[in-house]
Amino acid sequence: QVHLVESGGGLVQAGGSLRLSCAASGYPFNSAPMGWFRQAPGKEREFVAAFSWSGLSTYYGDSVKGRFTISRDNAKNTVYLQMNSLKPEDTGVYYCARRANGDNVYSLNSYDYWGQGTQVTVSS
């Protein structure tokens, strides 16, 4: 069974940085790309970053471009999200997810497994 576990969330002041990790297990890590989403209280889950199906390209949501970086370590079956210059608007629960199908990397429906999420709180 597929299992995704996020970690690295916490409380940080605006302008600070956090690095989130997502440890994957239960499937060949290289067989499907990973993505990151986030959800603020009372808001829809939002696309943050993802790898292309080939794993050779990356995509970012407009609100995080230039500040966040997605990366992976295949040897550790882990995908990372480096978050810099954090803003209070970045506050929310961050989820990693496995890409399943479709051509729309931004759609929640393109992902079939999700982690439990890790809370990121950015204070002003």
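## Strands and a disulfide, with reasons

Modeller: Five bridges tie β1 to strand β3 (residues 18–25), and the two run antiparallel. This is a predicted model, so local features need pLDDT of at least 70, side-chain atom pairs count only at pLDDT 80 or more, and totals for chains, interfaces and linings use all residues. Residues are numbered from 1 along each chain as its sequence is written, and side-chain values use heavy atoms, with hydrogens and water left out.

Biologist: What makes β1 and β3 a pair?

Modeller: Two strands pair if DSSP finds at least two bridges between them; here there are five bridges, so they pair. Strands themselves are DSSP runs (E, at least two residues), numbered from the N terminus. One example: E6 has C22 in β3 as its bridge partner.

Biologist: Why is S21 called buried?

Modeller: Buried means under 20% relative accessible area (1.4 Å probe, protein chains only). S21 has 18% relative accessibility, so S21 counts as buried. C22 is at 0%, so C22 is buried too.

Biologist: How do you know that C22 and C96 form a disulfide?

Modeller: A disulfide is a pair of cysteine sulfur atoms within 2.5 Å. For C22 and C96, the S to S distance is 1.9 Å, so the pair fits the definition. The structure holds one disulfide. C22 sits in strand β3 and C96 in strand β9 (residues 92–99), 74 residues apart.

Biologist: Why is this disulfide called right-handed?

Modeller: The torsion about the S-S bond of C22 and C96 is about 55 degrees, so the disulfide is right-handed.

Methods. Helix = DSSP H or I, 4+ residues; strand = E, 2+ residues; numbered from the N terminus. Buried < 20%, exposed > 50% of the residue type's maximum accessible area, 1.4 Å probe, protein only.
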